[in-house]
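User: Hi! I would like to learn how to read contacts, helices and aromatic pairs in a protein model. Could you walk me through a case?

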Amino acid sequence: MENISKLEFMALDISGKNYLSWILDAEIHLDAMGLGNTIKDVNPLNEASSQEKAKAMIFLRHHLDEGLKAEYLTVKDPADLWNNLKERYDHQKTVILPRARFDWLHLRLQDFKSVSEYNSAMFKITSQLKLCGETITDEDMLEKTFSTFHATNMLLQQQYREKGFKKYCELISCLLVAEQNNELLMKNHQSRPTGSSPFPEVNATSSNYNGRGSNRGRSRGRGRGRGRGGGRKKKVENVCHRCGMTGHWSRTCRTPKHFFDLYQASLKYKEGKNAETNFVQNYFSEDQLEMRHLDVADYLTNTEGTNGVMDGDGSTQFFP
């Protein structure tokens with residue numbers, strides 16, 4: 001027998017609390033090893049050999065609590081050991097069965113947070129009932145599930161009934177898929193208020209234009225501070241020829257017209273020959289405009305090439 005030192009399943013506890021599952025595991029393994037007849041009553045037509053009995057005895061003792069090994073030290077026949085353990089622990093059925101029946105009676109789908117939790121509890125209870133000799137059919141499991149839907153899902157329960165499921169696993173698979181779809185729907189709904197649209201990422205757009213402009217400036221030789229001697233290149237910033245600000249090109253400029261007019265006036269009347277020039281130099285000098293980094297979204301007006309209009313109260317309305 002291979003891997004005799006390794007436990008194929010949990011050893012029988014001396015308290016007998018795992019007896020029902022232990023006898024099932026032991027019987028299955030002995031049948032797989034061809035030793036199933038060693039634990040049955042003596043049959044002259046199918047009597048096990050002494051070698052088979054020895055192998056079965058080694059296997060059973062290997063899966064006993066150390067205390068049980070000592071108590072049944074003198075038992076050498078696997079059938080005798082099997083019957084002794086049955087007489088000692090078979091009463092566990094009378095202990096487990098009432099509890100399993102109680103759990104089955106009070107099992108309700110509406111008491112669980114998820115379908116998977118309910119499904120796990122369903123199989124645990126039905127397994128205990130079957131170990132104790134109770135018969136639980138798919139029809140019983142289907143009816144238990146249908147009849148314990150939450151009262152708010154009465155219509156949904158009726159729709160599932162009309163599908164005519166014959167197996168419990170088919171119903172539970174359908175419920176699991178519906179649950180996952182509902183969770184995804186709720187996540188999408190809660191991500192932002194109904195009717196709203198994602199806020200445009202103006203800064204990210206400006207950054208992209210800046211990156212593209214810088215690359216074009218390097219490839220075509222445009223920009224300030226570019227030497228021809230193959231020396232270290234200086235960082236080139238995009239300067240709009242319409243408004244004088246950095247971060248975008250003139251063909252993508254969306255600066256309001258009154259700021260554009262002020263900037264052009266400051267260039268045309270640089271020496272202060274006009275009152276408008278003094279106003280521009282005092283309040284909107286080139287350095288101040290460059291430091292301000294005006295956000296297009298803050299000053300949109302109803303001009304050609306824009307996507308918004310400014311209300312009378314100064315607020316801006318966006319259009320998709």
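Analyst: Happy to. Let us begin with contacts: two residues are in contact when heavy atoms of theirs lie within 4.5 Å. Keep in mind that this is a predicted model. Take T148: leaving aside neighbours within four places in sequence, T148 is in contact with L107, R108, L109, Q110 and Y118.

User: Where does T148 sit, and is T148 buried or exposed?

Analyst: T148 is found in the loop between helix 7 and helix 8. The cut-off for buried is under 20% relative accessible area. T148 has a relative accessible area of 6%, so it counts as buried. A polar atom of the T148 side chain also lies 2.8 Å from the backbone oxygen of K144.

User: What does H63, another loop residue, touch?

Analyst: H63 is in the loop between helix 2 and helix 3 (66-71). With neighbours up to four places away left aside, H63 is in contact with L7, E8, F9, A11, L12 and W22. One of these, E8, makes a side-chain to side-chain polar contact with H63 at 2.9 Å. The relative accessible area of H63 is 0%, so H63 is buried.

User: What does T255 touch, and where is T255?

Analyst: T255 lies in the loop between helix 10 (202-220) and helix 11 (257-268). Beyond four places in sequence, T255 touches C243, M245, H248 and F260. T255 is buried too, because its relative accessible area is 12%. You can also compare positions along the chain and in space: T255 and R242 are 13 residues apart along the chain, and their C-alpha atoms are separated by 8.5 Å.

User: Let us zoom out. How many helices and strands are there, and what share of the residues is buried?

Analyst: The protein has 13 helices and 2 strands. Of its 320 residues, 30% are buried. For contacts between residues at least 6 apart in sequence, 50% join residues at least 24 apart.

User: Which residues have the most contacts inside the largest nonpolar core?

Analyst: That core has 46 residues, and the ones with the most contacts inside it are L12, W22, L60, L81, L85 and W104. Helix 1 (19-32), helix 2 (50-62), helix 4 (78-89), helix 5 (92-105), helix 6, helix 7 and helix 9 each supply at least two residues of the core. L60 is a good one to click on: apart from residues up to four places away in sequence, L60 touches W22, A26, L30, I39, P78, L81 and W82.

User: How do I read a single helix?

Analyst: Start with a general idea: an α-helix has 3.6 residues a turn, so residues three or four places apart point the same way. Now look at helix 11, where F259, L262, Y263, A265 and S266 are buried. Seen down the helix 11 axis, these buried residues fall within an arc of 160 degrees, so they line one face of the helix. On the other side of helix 11, K257 and K268 are exposed.

User: What should the span of helix 11 be?

Analyst: At 1.5 Å a residue, the 12 residues of helix 11 should span 16 Å, and the end C-alpha atoms are 16 Å apart, which agrees. You can repeat the check on helix 9 (residues 168-190): its 23 residues should span 33 Å, and its end C-alpha atoms are 33 Å apart, which agrees.

User: Which residues of helix 9 are buried, and what covers them?

Analyst: Y168, L171, I172, L175 and E179 are the buried residues of helix 9. Their cover includes helix 6 (115-131), helix 7 (138-146) and helix 8 (154-162).

User: And how do I read aromatic pairs?

Analyst: A pair of aromatic rings is described by the distance of the centres and the angle of the planes. The structure holds 6 aromatic pairs. In one of them, the rings of Y19 and Y89 have centres 5.8 Å apart and planes at 40 degrees, so the pair is tilted. Y19 lies in helix 1 and Y89 in helix 4, so this pair ties together parts that are 70 residues apart in sequence. Y19 is buried at a relative accessible area of 3%, and Y89 counts as buried at 2%.

User: What kind of pair do F123 and Y168 form?

Analyst: F123 and Y168 form an edge-to-face pair, 5.9 Å centre to centre with 75 degrees between the planes. F123 lies in helix 6 and Y168 in helix 9, so the pair ties together parts that are 45 residues apart in sequence. F123 is partly exposed, with a relative accessible area of 42%, whereas Y168 counts as buried at 1% relative accessibility.

Methods:
Residues numbered from 1 in each chain as written. Predicted model: local features only at pLDDT ≥ 70, side-chain atom pairs only at ≥ 80, totals over all residues. Heavy atoms only, no water. Helix = DSSP H or I, 4+ residues; strand = E, 2+ residues; numbered from the N terminus. Buried < 20%, exposed > 50% of the residue type's maximum accessible area, 1.4 Å probe, protein only. Expected span 1.5 Å × (residues − 1). Polar contact = N/O pair within 3.5 Å; in protein donor to acceptor, adjacent residues only side chain to side chain. Core = buried A, V, L, I, M, F, W, Y, C linked by side-chain atoms within 4.5 Å. Arc of directions from axis to C-beta. Phe/Tyr/Trp six-rings, centres within 6.5 Å; stacked < 30°, edge-to-face > 60°.
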